[in-house]
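Open the model in your viewer and keep the sequence panel visible. The tour below says what to select at each stop and what is there.

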Amino acid sequence: MSTAAERFAELGVVPVVVLEDAKDAAPLAKALVEGGLPCAEVTFRTAAAEESIRIMASEYPDMFVGAGTVLTIDQVDRAVAAGAKFIVSPGFDPEIVDYCLSKDIPVFPGCITPSEVAQAVKRGLKVVKFFPAEQFGGVATIKAMAAPYVGLKFMPTGGVNAKNLESYLSCDKIVACGGSWMVKGDLVKAGKFDEIKALTEEAVKLAAQIRNK
């Protein structure tokens with residue numbers, strides 16, 4: 001688990017990817033890798049997710065590819081079989097969390113209340129997702145919840161973008177931010193992978209500037 005969290009901390013930003021067609025997986029992975037973010041949280045919202053993970057993991061073995069929006073144990077199994085190195089769920093599902101922990105699969109469940117955070121801490125988790133971040137109070141809420149739970153860190157996703165990234169990454173309770181602004185669906189569908197690469201480079205540069213202040 002610490003290895004996955006450390007990878008997120010090194011990156012600062014985790015691209016949250018929604019792919020409608022698996023044919024876009026390889027060129028998108030290439031754009032992310034060349035842009036300096038060799039990582040992708042591929043959401044299980046589409047039928048193309050499983051095959052997209054398989055393609056990315058196969059063609060870019062050094063890339064840190066995982067599955068997001070995981071809602072069932074079956075999806076956990078399918079994602080891991082396809083090559084996913086971590087699992088992210090939008091909410092705290094005890095069944096999914098316990099299953100992943102029993103299989104030594106890095107899992108990052110969504111937690112937006114102290115009660116959910118308490119369940120995560122009870123299971124030994126050190127990093128949890130905070131989703132949807134902006135809608136639930138953003139950095140202020142994270143700081144307030146983190147106070148009684150010393151040692152726990154958050155990965156906010158939902159409404160995070162280049163404009164508010166600094167407010168999040170400046171907080172020492174945040175290990176990394178999940179975001180889709182550099183991998184927008186319309187850019188992927190239009191095949192604008194050079195633009196995605198450029199946006200990724202900007203995100204990497206911005207994260208580095210924030211972290212080095």
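## Stop 1: Valine 175

Select valine 175 and show what touches it: leaving aside neighbours within four places in sequence, valine 175 is in contact with Ala5, Phe8, Ala9, Val127, Lys153, Phe154, Met155 and Arg211. Bear in mind throughout that this is a predicted model. Valine 175 sits in the loop between α8 and β8 (177-179). Is valine 175 buried or exposed? Its relative accessible area is 8%, so valine 175 is buried.

Now add phenylalanine 8 to the selection. How many residues separate valine 175 and phenylalanine 8 in sequence? The two are 167 residues apart in sequence, and their C-alpha atoms are 6.7 Å apart in space.

## Stop 2: Threonine 157 and a cis bond

Move to threonine 157, in the loop between β7 and α8. Threonine 157 is buried, with a relative accessible area of 7%. Not counting residues up to four places away in sequence, threonine 157 touches Val16, Lys129, Phe130, Phe131, Pro132, Ala133 and Gly178.

Two of these contacts, Phe131 and Pro132, deserve a second look. Select phenylalanine 131 and proline 132: the peptide bond joining them is cis, with omega at about -5°. Proline 132 belongs to the loop between β6 and α7.

## Stop 3: Helix α7

Follow the chain from that loop into helix α7, residues 138-146. Which residues of α7 are buried? They are Gly138, Val139, Ile142, Met145 and Ala146. Turn the view to look down the axis of α7: the buried residues fall within an arc of 130°, so they line one face of the helix. A general point helps here. An α-helix has 3.6 residues a turn, so residues three or four places apart point the same way.

On the other side of α7, colour Ala140 and Ala144, which are exposed. Then show what covers the buried residues of α7, including α6 (114-122), β6 (127-130), β7 (153-156) and α8 (165-169).

## Stop 4: Helix α4 and its ends

Next, select helix α4, residues 73-82. The buried residues of α4 are Gln75, Val76, Ala79 and Ala82. Seen down the axis of α4, they fall within an arc of 135°, so they too line one face of their helix. The buried residues of α4 pack against α3, β3, β4 (87-89) and α5.

Just after α4, select glycine 83, where phi is positive at about 120°. In the loop between β3 (64-68) and α4, select threonine 69. Threonine 69 is not a glycine, yet its phi is positive, about 50°. At 15% relative accessibility, threonine 69 counts as buried, because the cut-off is under 20%.

Another residue to select is aspartate 104, in the loop between α5 (94-102) and β5 (107-109). Aspartate 104 also has a positive phi, about 55°, although it is not a glycine. Is aspartate 104 buried or exposed? Its relative accessibility is 70%, so aspartate 104 counts as exposed.

## Stop 5: Helices α3 and α4

Two packed helices are described by the angle between their axes and the distance between the axes. Keep α4 selected and add helix α3, residues 49-59. The axes of α3 and α4 come within 8 Å and cross at roughly 25°. Angles under 35 degrees count as roughly parallel, and α3 and α4 are therefore roughly parallel to each other. The crossing of α3 with α4 is right-handed.

Show the side chains where they meet. From α3 the contact uses Glu50, Ile53, Arg54 and Ala57, and from α4 it uses Arg78, Ala79 and Ala82. By class, this contact of α3 with α4 has four nonpolar, no polar and three charged residues.

## Stop 6: Helices α2 and α10

For the last stop, select helix α2 (residues 25-35) and helix α10 (residues 193-211). What is the angle at which α2 and α10 pack? It is about 35°, with the axes 8 Å apart. Their crossing is right-handed.

Pick out the contact from each side:

- From α2: Pro27, Leu28, Ala31, Leu32, Glu34 and Gly35.
- From α10: Phe193, Ile196, Lys197, Thr200, Glu201 and Val204.

Coloured by class, the residues of the contact of α2 with α10 divide into seven nonpolar, two polar and three charged.

Note on methods
Residues are numbered from 1 along each chain as its sequence is written. This is a predicted model: local features need pLDDT of at least 70, side-chain atom pairs count only at pLDDT 80 or more; totals for chains, interfaces and linings use all residues. Side-chain values use heavy atoms; hydrogens and water are left out. Axes are lines fitted to C-alpha atoms, for helices over the stretch in contact, and angles run from 0 to 180 degrees between N-to-C directions. Helices (H or I, at least four residues) and strands (E, at least two) are DSSP runs, numbered from the N terminus. Angles under 35 degrees count as roughly parallel, over 145 as roughly antiparallel, 65 to 115 as roughly perpendicular and the rest as oblique. A crossing is left-handed if the near helix is turned anticlockwise from the far one by less than a right angle, and right-handed if clockwise. Contact means heavy atoms within 4.5 Å. Ala, Val, Leu, Ile, Met, Phe, Trp, Tyr, Cys and Pro count as nonpolar, Asp, Glu, Lys and Arg as charged, and the others, Gly among them, as polar. Buried means under 20% relative accessible area, exposed over 50%, partly exposed in between (1.4 Å probe, protein chains only). The arc is that of the directions from the helix axis to the C-beta atoms.
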